[in-house]
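Student: I'm new to this one. Could you show me how to read it, starting with a single residue and working out to where the chains meet?

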Amino acid sequence: MTFVPDWVVSLTATIIVIGTCSSWLVVEIVRLRRALREPDRTPERSDRIFGSIISSMIMIVGLVGAALFNLT
Amino acid sequence: VREPSIVNPANAVTLLRGLSIFPLAYFVHQDWRQPAFAVLLVGGFMDLVDGWVAKAFDCRTAFGAVFDSITDGILYGSSLVVLAAYGWAPAWPVAVILGLGVINAVFRVLYSRRVGRTVNYHSVAMERLTGNLAFLIGFAIVASLVWYYFIACAVIMAVVVVHDAKRMLVDPVPAPAPVSS
């Protein structure tokens, strides 16, 4: 069952992925820089740093995927 | 200060989001990709709305936070199973992702035993990864580079589970919070 042309769904998905991943990647990079500047080397700080690195990886995977989907 | 009732608008929105697995499964069964995608978008929006509703109605509770996490786990886990069962998602990466999720849950129980009290292990990376599962389901529904996204997610999840396992099972546990008199 289709309500709208398939390209509309593809475009919607692409906009969601690029919009979310690019903005979230910027947020995570800022969080990572802040966490790296903190002087206290606590487990919570390590957790935040690792979380930001993983989150950045997820966003990069999303952006690369969106590029592959639209450019190939 | 009186704790708000667990029967509140925010938890109602969360429950409704959890129940969206049924229309999603129905649309997958009918091979209707666009309605399934619409259900996923509405579910994602409701995930934002329940936080806003909790703030607006001042009904944030500890139960609500746990209920939200459990709903995410059940909704995303069962969605992945449904998608894999109907061939919309690759079976073995889904099995790896769900298997790692179960292993992580077992480690959390062991961590709780090490600490000696009921405690929810906090992992920023796992939180981010759980949020990513909604996107993963979306990619499967719109049939966009499904193998690429699922294998990438399985690899990243394996890294996170190994990292968290070290923290939960090897690293020293935090000291109990001081009890105020």
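**From one residue to an interface**

Tutor: Sure, and keep in mind that this is a predicted model. Let's start with A:Ile18: its relative accessible area is 38%, so it counts as partly exposed, since that class lies between 20% and 50%.

Student: Where does A:Ile18 sit?

Tutor: Look along helix H1 of chain A; that's where you'll find A:Ile18.

Student: Leaving aside its neighbours within four places in sequence, which residues is A:Ile18 in contact with?

Tutor: With that filter on, the contacts of A:Ile18 are A:Leu63 and A:Ala66. You can also compare sequence and space: A:Val64 is 46 residues apart from A:Ile18 along the chain, yet their C-alpha atoms are separated by 9.5 Å.

Student: Now the two chains. How many residues of each are in contact?

Tutor: Chain A brings 31 residues and chain B brings 26. Together they bury about 2,400 Å², with 74% of that on carbon and sulfur atoms.

Student: And how many salt bridges and polar contacts cross the interface?

Tutor: The rule finds 2 salt bridges between chain A and chain B. One of them pairs B:Arg128 with A:Glu28, whose closest N and O atoms are 2.8 Å apart. As for polar contacts, 8 residue pairs turn up across the interface.

Student: Which elements of chain A give two or more residues to that side?

Tutor: Those are helix H1 (6-37) and helix H2 (43-71). The largest share comes from H2(A), with 16 residues. By type, the side of chain A that touches chain B has 19 nonpolar, 7 polar and 5 charged residues.

Conventions. Residues numbered from 1 in each chain as written. Chains lettered and ligands numbered in written order. Predicted model: local features only at pLDDT ≥ 70, side-chain atom pairs only at ≥ 80, totals over all residues. Heavy atoms only, no water. Contact = heavy atoms within 4.5 Å. Buried area = accessible area lost by both parts, 1.4 Å probe. Salt bridge = Lys/Arg side-chain N within 4 Å of Asp/Glu carboxyl O. Polar contact = N/O pair within 3.5 Å; in protein donor to acceptor, adjacent residues only side chain to side chain. Helix = DSSP H or I, 4+ residues; strand = E, 2+ residues; numbered from the N terminus. Nonpolar A, V, L, I, M, F, W, Y, C, P; charged D, E, K, R; others polar. Buried < 20%, exposed > 50% of the residue type's maximum accessible area, 1.4 Å probe, protein only.
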